Amino acid sequence: MLKRRLANTDLEISPLGLGTVKLGRNKGIKYPTHFELPSDKEAAQLIGLAKELGINLIDTAPAYGNSETRLGTLLTGQRQDWVICSKVGEEFDNQTGQSSYKFTPEHIQFSVERSLKRLNTDYIDMLLVHSDGNDVEIIKRFGLLQVLNDLKAQGKIRATGMSTKTIEGGLLALQQSDCAMVTYNLTHADEEPVLDFAAQHNKGILLKKALASGHICTHAGEDPVQASFNYIFAHPGVTSAIIGTINPEHLRSNVAAAEKAILQQ
């Protein structure tokens with residue numbers, strides 16, 4: 001998969017990224033069916049397959065249960081092969097299955113240092129604020145994007161941004177950082193103005209829920225996966241889409257569909 005430069009950074013990322021929520025968490029999720037967390041062997045094989053297929057972007061977060069900790073071990077010896085995206089702001093309790101949010105600058109500093117230890121790395125390539133939906137308030141009240149930019153200047157982060165849930169928040173995040181992660185798929189195009197802004201101002205866009213958390217795949221008729229990738233990659237603002245599968249065959253078919261969609265542009 002041909003890599004794409006992320007905004008004005010020196011990061012080159014694949015048009016599909018491997019989401020790893022399913023490596024660390026199976027409670028409080030929005031996927032259509034329940035799943036068991038993969039074993040270390042299965043997880044290692046999945047990561048190896050992703051690498052073989054040309055994927056170099058891997059997405060994680062403190063909110064993904066044990067995902068960061070597992071990746072810290074699974075990526076041993078291959079750190080240079082991966083662009084790691086993690087987040088700050090949302091905390092997940094494996095015992096209760098509930099999330100909570102902490103946006104103070106002090107917690108952000110703590111969270112970043114914890115992620116560095118969990119991931120067994122000296123730097124995180126991309127770090128995003130994990131929004132609770134109040135995007136604009138979070139940015140303006142806590143000044144978190146400036147906190148991340150300060151950490152970037154210290155060399156602990158290579159790119160900054162926010163996983164947003166509103167148009168206003170996405171636009172504001174792009175004005176103050178390198179990228180935004182937004183929802184964009186066949187059934188949800190509300191945040192398209194954020195993609196338009198990114199295309200016009202050389203900012204990065206990562207897509208979450210590109211397949212509607214797996215629900216797109218339950219649609220009948222036209223191949224929903226191919227139709228989804230045809231749709232999202234037709235927009236010039238899209239840098240990469242995060243795919244959260246733990247099924248090797250689904251990963252293979254997703255990559256094939258994405259490559260076909262990109263070649264058709």
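**Helix packing around α10, the nonpolar core and Y64**

In this predicted model, helices α9 and α10 sit oblique to each other, because their crossing angle of roughly 40° falls outside the ranges that count as roughly parallel, antiparallel or perpendicular. The two axes come within 8 Å, with α9 running over residues 224–232. As for handedness, α9 passes α10 in a right-handed crossing. On the α9 side, the contact is built from V225, Q226, F229 and N230; α10 answers with N254, A257, A258, K260 and A261. Sorted by type, the residues of this contact come out as five nonpolar, three polar and one charged.

Helix α10 (residues 248–263) also has α2 (residues 40–52) alongside, with axes that come within 10 Å. Here the crossing angle is roughly 15°, under the 35 degrees that serves as the limit for roughly parallel, and α2 and α10 are therefore roughly parallel to each other. Again the handedness is simple to state: α2 passes α10 in a right-handed crossing. The α2 residues involved are L46, L49, A50 and E52, and they meet P248, L251 and R252 in α10. That set divides into five nonpolar and two charged residues, with no polar ones.

Back to F229, which turns up in the α9 contact with α10 and also in the largest nonpolar core. That core holds 61 residues, and L16 and F229 are the ones touching the most other members. With sequence neighbours within four places set aside, F229 is in contact with L16, L211 and I243, and also with N254, A257, A258 and A261. Another core, of 13 residues, lies apart from this one; L11, I13, C179 and M181 are among its members.

Then there is Y64, found in the loop between β4 (57–59) and α3 (67–74). Loop or not, Y64 counts as buried, because its relative accessible area is 14% and the cut-off is under 20%. Its contacts, leaving out residues up to four places away in sequence, are with T20, V21, G24 and R25, plus D59, K87 and H130. As for A189, which is 125 residues from Y64 along the chain, the C-alpha atoms of the pair are separated by 25 Å.

How values were computed. Residues are numbered from 1 along each chain as its sequence is written. This is a predicted model: local features need pLDDT of at least 70, side-chain atom pairs count only at pLDDT 80 or more; totals for chains, interfaces and linings use all residues. Side-chain values use heavy atoms; hydrogens and water are left out. Axes are lines fitted to C-alpha atoms, for helices over the stretch in contact, and angles run from 0 to 180 degrees between N-to-C directions. Helices (H or I, at least four residues) and strands (E, at least two) are DSSP runs, numbered from the N terminus. Angles under 35 degrees count as roughly parallel, over 145 as roughly antiparallel, 65 to 115 as roughly perpendicular and the rest as oblique. A crossing is left-handed if the near helix is turned anticlockwise from the far one by less than a right angle, and right-handed if clockwise. Contact means heavy atoms within 4.5 Å. Ala, Val, Leu, Ile, Met, Phe, Trp, Tyr, Cys and Pro count as nonpolar, Asp, Glu, Lys and Arg as charged, and the others, Gly among them, as polar. A nonpolar core is a set of buried Ala, Val, Leu, Ile, Met, Phe, Trp, Tyr and Cys residues joined through side-chain atoms within 4.5 Å. Buried means under 20% relative accessible area, exposed over 50%, partly exposed in between (1.4 Å probe, protein chains only).
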